[in-house]
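Here is a set of short exercises for getting to know a new protein. Take your time with each task, then read through the solution that follows it.

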Amino acid sequence: MKCPYCGYSESKVIDSRPADENASIRRRRECLSCARRFTTYETVESLPMVVVKKDGSRQSFDKGKVLGGMIRACEKRPVPLAELEKIASEIEQDLQNSMEREIRTEIIGEKVMERLRSVDQVAYVRFASVYRQFQDIDSFMTELSKLLAER
């Protein structure tokens with residue numbers, strides 16, 4: 001690690017501690033040349049994921065879009081934003097752990113619905129109605145019947 005002050009490439013670690021809810025490690029370092037201190041962060045390198053949309057187009061995975069969809073589904077519902085952020089992070093981590101670099105939107109949508117079902121059933125139905133593109137009341141009622149049968 002090069003010193004940001006003098007550019008010397010040797011430093012010693014003074015202190016290490018977890019940061020960002022154990023997602024990274026914060027290290028205080030001291031340059032062996034100029035003795036000035038600086039902070040570095042060590043994180044796991046995540047591979048880029050590409051989302052394959054229904055029309056075949058591809059774009060980079062964006063956790064913010066997953067979160068945005070859940071926020072819209074939970075509008076005026078008693079679901080804390082922190083819970084939705086946690087779900088979005090869990091989904092992103094699941095996808096990273098799968099080691100697949102190309103993920104279909106269907107997989108992401110199913111993961112969101114699976115988690116929303118246990119958090120808020122109204123939000124689940126809202127998300128499912130948009131995600132599954134219900135064309136009529138019968139398909140909507142079929143989904144509601146499945147939900148009621150699971151109770």
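The exercises below go from the whole chain to single residues, and they are about a predicted model.

**Exercise 1. The overall plan**

Task: Find out how many helices and strands the protein has, and in which pattern they follow one another.

Solution.
- Step 1: Counting the elements gives five helices and six strands.
- Step 2: Reading along the sequence, the pattern is β-β-β-β-β-α-α-β-α-α-α.
- Step 3: Now look at the spread of the chain. The radius of gyration is 22 Å, whereas the globule rule gives 15 Å for 151 residues, so the protein is more spread out than a compact globule.
- Step 4: A box drawn along the principal axes around the C-alpha atoms has sides of roughly 75 × 35 × 20 Å.

**Exercise 2. Inside, outside and charge**

Task: Work out what share of the residues is buried and what the accessible surface is made of.

Solution.
- Step 1: Of the 151 residues, 30% count as buried.
- Step 2: The accessible surface comes to about 10200 Å², and carbon and sulfur atoms hold 49% of it.
- Step 3: For the charges, take the mean position of the 27 positive ones and that of the 25 negative ones; these two points are 5 Å apart.
- Step 4: Finally, consider contacts between residues at least 6 apart in sequence. Among these, 42% join residues at least 24 apart.

**Exercise 3. A residue in the first strand**

Task: Describe the surroundings of D15, and decide whether D15 is buried, exposed or partly exposed.

Solution.
- Step 1: Place the residue: D15 belongs to strand β1, which covers residues 11–19.
- Step 2: The relative accessible area of D15 is 27%, so D15 is partly exposed.
- Step 3: Check the side chain, where D15 and R17 are joined by a polar contact of 2.9 Å.
- Step 4: Leave out neighbours within four places in sequence, and the contacts of D15 are R26, R27 and R28.
- Step 5: For a sense of distance, go 110 residues along the chain to V125; the C-alpha atoms of D15 and V125 are separated by 49 Å.

**Exercise 4. The loop between β1 and β2**

Task: Look at D20 and E21, and say what sign phi has in D20 and in E21.

Solution.
- Step 1: D20 lies in the loop between β1 and β2, and E21 is found in that loop too.
- Step 2: Recall the background: most residues other than glycine have a negative phi.
- Step 3: D20 is not a glycine, yet its phi is positive, at about 50°. E21 also has a positive phi, near 55°.
- Step 4: Exposed means over 50% relative accessible area. D20 counts as exposed because its relative accessibility is 57%, and E21 counts as exposed at 81%.

**Exercise 5. Two buried strand residues**

Task: Which residues do the side chains of S24 and T40 meet in polar contacts?

Solution.
- Step 1: S24 sits in strand β2 (residues 24–31), and T40 sits in strand β3 (residues 37–43).
- Step 2: Buried means under 20% relative accessible area. S24, at 4%, is therefore buried, and T40 is buried at 10%.
- Step 3: The side chain of S24 has a polar contact of 3.2 Å with the side chain of D20. The side chain of T40 has one with the side chain of R29, at 3.2 Å.
- Step 4: Beyond four places in sequence, S24 touches R17, P18, A19, Y41, E42 and T43. With neighbours within four places left aside, T40 is in contact with M1, I25, R26, R27 and R29.

**Exercise 6. Helix α1 and its cover**

Task: List the buried residues of α1, and say which elements are among those that cover them.

Solution.
- Step 1: Helix α1 runs over residues 63–73, and its buried residues are V66, L67, G68, G69, M70 and A73.
- Step 2: An α-helix has 3.6 residues a turn, so residues three or four places apart point the same way.
- Step 3: The cover over the buried residues of α1 includes α2 (81–97), α3 (105–119) and α4 (121–131).
- Step 4: Turn to the start of α1, where a side-chain oxygen of D62 comes to within 2.9 Å of the backbone nitrogen of G64.

Notes
Residues numbered from 1 in each chain as written. Predicted model: local features only at pLDDT ≥ 70, side-chain atom pairs only at ≥ 80, totals over all residues. Heavy atoms only, no water. Helix = DSSP H or I, 4+ residues; strand = E, 2+ residues; numbered from the N terminus. Buried < 20%, exposed > 50% of the residue type's maximum accessible area, 1.4 Å probe, protein only. Polar contact = N/O pair within 3.5 Å; in protein donor to acceptor, adjacent residues only side chain to side chain. Contact = heavy atoms within 4.5 Å. Rg over C-alpha atoms; globule rule 2.2 N^0.38 Å. Areas by Shrake-Rupley, 256 points an atom, 1.4 Å probe, with all protein chains shown as cover. Lys, Arg positive; Asp, Glu negative; His and termini not counted. Charge placed at Lys NZ, Arg CZ, Asp CG, Glu CD.
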